[in-house]
Structure formats: C-alpha cells, structure tokens
Amino acid sequence: MERAKVVKEEIQQQGVNFLAVYVEAKNSIMIMLSEKEDKLGTMAIAVPKPKDLLGSVTSSVLLGDKNMISARMFAEYVASKKGKIAMVSVYLERVSEIQAQEFFMHLIEKVLKSDTKKEPEAI
C-alpha cells in the first residue's frame, strides 16, 4: 500500500517567501498556499466531473472568506488537471490576493510536476 505523497516548495518574490505544502492521496489532493510561514487559510474544495459526463468542476468554499476567489480558482484548476478531489487553502498577510495569484500558480505548477520528491518516511 502506497502512502500519500508530500511535497514542500518555496519561492521568494518581492522579498516575501511564498510556500506550498502539497499532499496527494490516491483519490485527492490538498495544497496549503501561504505567505511567510505554513498556515491554514481560506479553504475551498473542488470535485471533478466524471469523465463520461459533460460539464465543469464543482467547487465550494469550506472555511473563511478573505481569499476565496483564489482558493476556489486553484482548487478547480487542480481538480480538473489531476481528475481528483482537490482542497486548496490560501493564507495571505500583507500581499494582495491579485499579486499573490501569479506566485501561487507558479508554486502549484512546481508541486504538480514533482513526482520524484517525497517526504522522508519515519522509521
């Protein structure tokens, strides 16, 4: 039985650290996007449509309201790209949501591509 894949990425833009924690299980993905340190923020969930049905991804905000546009947008993007349930959390302190979207999208692309990196297993 294979365990969940965990990937952590970080970029620095405009003197601010932007962080991503990515957890992928067999049927779902969770991504925490944050500024400065790992924190839970506004959370959205998106569910892809079955392949035999027409239509788009269904999404909803579960928690918070501060960065809900970004949280839903990223959850829908990940769900449609990976075909799995996606939960995305967005936490920002000083940087505006619009400014951070570009940096967070870059982080999402990095974690989605990193198939080889895994969190070390505890023994």
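A salt bridge here is a side-chain nitrogen of Lys or Arg within 4 Å of a carboxyl oxygen of Asp or Glu. The legends below use that term throughout a predicted model, in which local features need pLDDT of at least 70, side-chain atom pairs count only at pLDDT 80 or more, and totals for chains, interfaces and linings use all residues. Residues are numbered from 1 along each chain as its sequence is written, and side-chain values use heavy atoms, with hydrogens and water left out.

**View 1. Glu-35 pairs with Arg-94 in a salt bridge.**
The closest N and O atoms of Glu-35 and Arg-94 are 3.7 Å apart. This pair ties together distant parts of the chain, with Glu-35 in strand β3 and Arg-94 in the loop between β6 and α2, 59 residues apart. Helices (H or I, at least four residues) and strands (E, at least two) are DSSP runs, numbered from the N terminus. How buried or exposed is each partner? Glu-35 counts as buried because its relative accessibility is 0%, whereas Arg-94 is exposed, with a relative accessible area of 62%. In these legends, buried means under 20% relative accessible area, exposed means over 50%, and partly exposed lies in between (1.4 Å probe, protein chains only).

**View 2. Lys-82 meets Glu-24 in a salt bridge.**
Here the side chains come to 3.9 Å, N to O. Once again the pair links distant parts of the chain: Lys-82 belongs to helix α1 and Glu-24 to strand β2 (residues 16-24), 58 residues apart. Lys-82 is partly exposed because its relative accessibility is 29%, while Glu-24, at 12%, is buried.

**View 3. Glu-37 and Lys-39 form a salt bridge.**
Their closest N and O atoms are 3.6 Å apart. Lys-39 is partly exposed, with a relative accessible area of 28%, and Glu-37 is partly exposed too, at 37%. Elsewhere, salt bridges that share partners join Lys-5, Glu-24, Lys-82 and Lys-84 into one network. Searching the whole structure turns up nine salt bridges.

**View 4. Helix α1 keeps its buried residues on one side.**
Which residues of α1 are buried? They are Ser-70, Ala-71, Phe-74, Ala-75, Val-78 and Ala-79. These cover an arc of only 155° around the axis, which puts them on the same side of α1; the arc is that of the directions from the helix axis to the C-beta atoms. An α-helix has 3.6 residues a turn, so residues three or four places apart point the same way. Among the elements covering the buried residues of α1 are β3 (28-35), β4 (42-47), β6 (85-91) and α2 (97-113), where contact means heavy atoms within 4.5 Å. Helix α1 spans residues 68-82, 15 in number, and reaches 21 Å from its first C-alpha to its last, close to the 21 Å expected at 1.5 Å a residue. That expected span is 1.5 Å times one less than the number of residues. Right after α1 comes Gly-83, with a positive phi near 70°.

**View 5. Helix α2 has buried residues that include Phe-103 and Phe-104.**
Also buried in α2 are Glu-97, Ala-100, Gln-101, Leu-107, Ile-108, Glu-109, Val-111 and Leu-112. Their cover includes β1 (5-13), β2, β3, α1 and β6. The end C-alpha atoms of α2 are 24 Å apart, which agrees with the 24 Å that its 17 residues should span at 1.5 Å a residue.

**View 6. Leu-92 sits in the loop between β6 and α2.**
Leu-92 counts as buried because its relative accessibility is 4%. What does Leu-92 touch, not counting residues up to four places away in sequence? Its contacts are Phe-18, Glu-35, Lys-66, Asn-67, Glu-97, Ala-100 and Phe-104. Leu-92 and Ser-28 are 64 residues apart in sequence, and their C-alpha atoms are 24 Å apart in space.

**View 7. Gln-14 and Lys-36 are loop residues.**
Most residues other than glycine have a negative phi. Gln-14, however, has a positive phi of about 50° although it is not a glycine. Gln-14 lies in the loop between β1 and β2 and is exposed, at 60% relative accessibility. Lys-36, likewise not a glycine, has a positive phi of about 80°. Lys-36 is found in the loop between β3 and β4 and is partly exposed, at 46%.
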